[in-house]
Each structure stands twice: as C-alpha cells, then as structure tokens.
Amino acid sequence: MTKKHLVFRCNTGLHVGMGHLFRCANLATAFDNYSVHFLIQTDVKTQSTKVLQSFQKDWSLHFLAPDMSAEADAKMLADFVTEHNAFLVLDHYNVDEAYQKYLYDKGVKWLQFDSAAKQKLYADIILHASSGATADLYAPLLLRKNTQVLLGLKYVIMNKNFQAASEKTKIRTTLQSIFIGFGAGNDKGLLWNCLQSIDKKLLSFTFITIALGENTLYKDEIMMFSKQYPLIKILENEYNLAPFFLKSDLLITAPGTMSYEGAALGLPMLLVCTNGNQQINLKAWQDMQVAFDITGNGGVDSEKINTYIHQFINEKGLLKKMSEKCLMTIDNQGVYRIKNTIESLI
C-alpha cells in the first residue's frame, strides 16, 4: 500500500527560535504510517538537523534559501505538495494573505498554525492552542465557510517525553527548586537577566536548574556566575527537559512552547514576554491563575521576579493552588485530536 505524504513547512533560527520546528516534529510523530517531509528556512542548519535527528525518524529534510522571497516560497511549496499529493502543515510568520491565496488557488489542503489572530485566513484548518484564542476572535478572519478552527488548550501538542512524564507529576507544595529556560533560539539575554535579578540570598538556598541552548546569549557570564553558587545546575543543549521539570517547583520562561510543557507537569510559572505574538498566551496563563508576569522594560523586572519568588516561599498554599490549576489545563491528547482532524480531510 502506497504511503500518504505529509509536508511540514516551518522556519527556525536565531530570532524566531526553534519552537516551530519542535511542535511540528512532535505532531509528525503521530503519523508513523506517512512519508513525512520537512521544508525549513533557517540560519541554523546544523541545529535544525540535530533537532530532527533527535526524534530518530525516517523524515526527509530540505533547506530553503534564506533569501527566498515569499512568492517563490509559495510557488515552490505548492509544487512540492502537489507533486507528492500531500497534506501541508504550515508554521511560520511569513504567511500573508497573498501567500495563502496562491496555495488555495493551487488546490493545496493545509493546516496553518496561528498565534496572533491578526490577518485573514484561507487554510482548511486553523490551529491556535491557547485558551486566549476564541471562536469570536477568529470568526471575522475566516475567508472560507468550511475552515475548521482548532482553538484552546485541548489542542496543545506535547512531546512524547512530556506525555510520559505527566503520569509521574505531583502537586508542588513548597518552593525548593526553580527551572529557568528560554528555548534553543536567541534568548535575547533573558536568562542572564534573570540570574542577575534574583536576590543573591535566594540563590544560596534555592536549587536552580538553567537550560542553555546553542544560541543563548552571555553563556560565559552565566557559567562564571554559576560557579559562585553550588546549588545552580547547568544543562547545555539538552532536548529532553521533562525529567528536570519533574524535579522543579517553579518555571521561569517565556509564554511559548515551554510554558505549555510546564503547565502539563504542574509547574507554576513566572513569564517574560519576548514578542507580541506571545501576548495572547501571557494573558491566558494569568487569567487561569497559573502564572505571574515578570516582563520589564526590555527584559525581566527585577522587583517583580523577587516579589513573586518570596511570595511563593512565604504565602502558604499559593504554590499548591497554582500547581493544582496547572494540572487541570492540558490533557496530553491534543496531538491525536489534530491528527484525527487532518485525516478527515485526506
């Protein structure tokens, strides 16, 4: 029997990070009986290759020229999808209305990740896995009557490592260990900013686990700083963070992919918004009372980060209450719901 084909078109890099590639790869793992193709535009080819190799799957990988225009991109993509009679998953920020219209006119069927709800949409399936994404928000943006809209936390795509770890998670009751990480892309200096902002007394009696990506800024400074505090543990280029999340009581990160993983494992969060597309997620996590915003002027607000950490330590029941609410947010079935929706169109 001839295999069906699935094409993932995403961008990765120093500025956009690796989140698009990770969530596409996590979704692709549910399609073992398909031929899977990744078409990637990136300025970090080696790192992107390592990410896909870590999944140990027989996927094909194609790199696009970094300077390829949107018009050439859309034409190439439509031709590739048509040639393979494939379904497309589209996950990058350079998708304007003209790009989508070209794919639609060429008869391409596709799922499109969206995070901002700010432009008109042509796709067969729109996916925005944030509780801040609502039907009312998207209704005026849909250009086709038959578009299926997958909105909310029931469609969060979890890595298999985190799905397995969720069965071992526990409700946090006391703050003893903090995990700090901002993904594998350019963290804009936020990790170093966090370390400099946290009260030095806290660093002397609180376990801190730090995840350094290949493109984390100020690595040398972070390494030198960590040598002063025996309770700081450094992870470098570690792709499976689930075991370390399980051992932590609080997560400091951005309101992107890692925030979903933290919530799934019951971790209350302090969040730093790194771009406008994360505002919907940030507000949603705050509204669900599972996170506090520590965003400052261009980085971390040092007063807020220390106020909230001390609040977790001193305010009895706060950590437990937020941890309980975290565990109610994500059920780890999102990838299968998305797969079922895609297969209903193939």
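## Exercises on a predicted model

In this predicted model, helix H11 (257–264), strand E13 (291–293) and helix H13 (302–314) are among the elements that cover the buried residues of helix H14. Let's work through that helix, then a sheet and some rings.

**Exercise 1.** Find out which residues of helix H14 (residues 318–326) are buried, and work out how they are arranged around its axis.

*Solution.* Start with the list: Leu318, Leu319, Met322, Ser323 and Cys326 are buried in H14. Now look down the axis of H14: these buried residues fall within an arc of 125 degrees, so they line one face of the helix.

**Exercise 2.** Work out the strand order of the open seven-stranded sheet, and explain which strands stand at its edges.

*Solution.* Step one: read off the order, which is E3-E2-E1-E4-E5-E6-E7, with parallel pairing. Step two: check the ends. Strand E3 (60–64) and strand E7 (148–151) each have a single partner strand, so one side of each has no neighbour in the sheet. Step three: add the twist, which averages 15 degrees from one strand to the next.

**Exercise 3.** Take two pairings from this sheet, E4 with E5 and E1 with E2, and describe each. Then place helix H1.

*Solution.* Strand E4 (residues 87–91) pairs with strand E5 (residues 110–113) in the parallel sense, over three bridges. Here Val89 stands opposite Leu111 in E5. Helix H1 (residues 19–28) packs on the sheet and touches strand E1 (4–11), strand E2 (34–41), E4 and E5. The direction of H1 makes about 165 degrees with that of E1. Next, E1 and E2: they pair over eight bridges, again in the parallel sense. If you go looking for the bridge partner of Lys4, you'll find Tyr34 in E2. As for E2 itself, seven of its eight residues are buried, so the rest of the structure largely encloses it.

**Exercise 4.** Classify the aromatic pair of Phe31 and Tyr34, then see what sits over the ring of Phe31.

*Solution.* A quick reminder first: a pair of aromatic rings is described by the distance of the centres and the angle of the planes. The structure holds 13 aromatic pairs. For Phe31 and Tyr34, the centres are 5.1 Å apart and the planes make 90 degrees. Planes over 60 degrees apart count as edge-to-face, so this pair is edge-to-face. Both Phe31 and Tyr34 are buried. Over the ring of Phe31 sits the charged end of Lys339, 5.6 Å from the ring centre. And for a group of rings to find yourself, try the aromatic cluster formed by Phe8, Phe38, Phe55 and Trp59.

Conventions
Residues are numbered from 1 along each chain as its sequence is written. This is a predicted model: local features need pLDDT of at least 70, side-chain atom pairs count only at pLDDT 80 or more; totals for chains, interfaces and linings use all residues. Side-chain values use heavy atoms; hydrogens and water are left out. Rings of Phe, Tyr and Trp (its six-membered ring) pair if their centres lie within 6.5 Å; planes under 30 degrees apart count as stacked, over 60 as edge-to-face and the rest as tilted. Buried means under 20% relative accessible area, exposed over 50%, partly exposed in between (1.4 Å probe, protein chains only). A charge sits over a ring if NZ of Lys or CZ of Arg is within 6 Å of the ring centre and within 35 degrees of the ring normal. Two strands pair if DSSP finds at least two bridges between them. Helices (H or I, at least four residues) and strands (E, at least two) are DSSP runs, numbered from the N terminus. Axes are lines fitted to C-alpha atoms, for helices over the stretch in contact, and angles run from 0 to 180 degrees between N-to-C directions. Contact means heavy atoms within 4.5 Å. The arc is that of the directions from the helix axis to the C-beta atoms.
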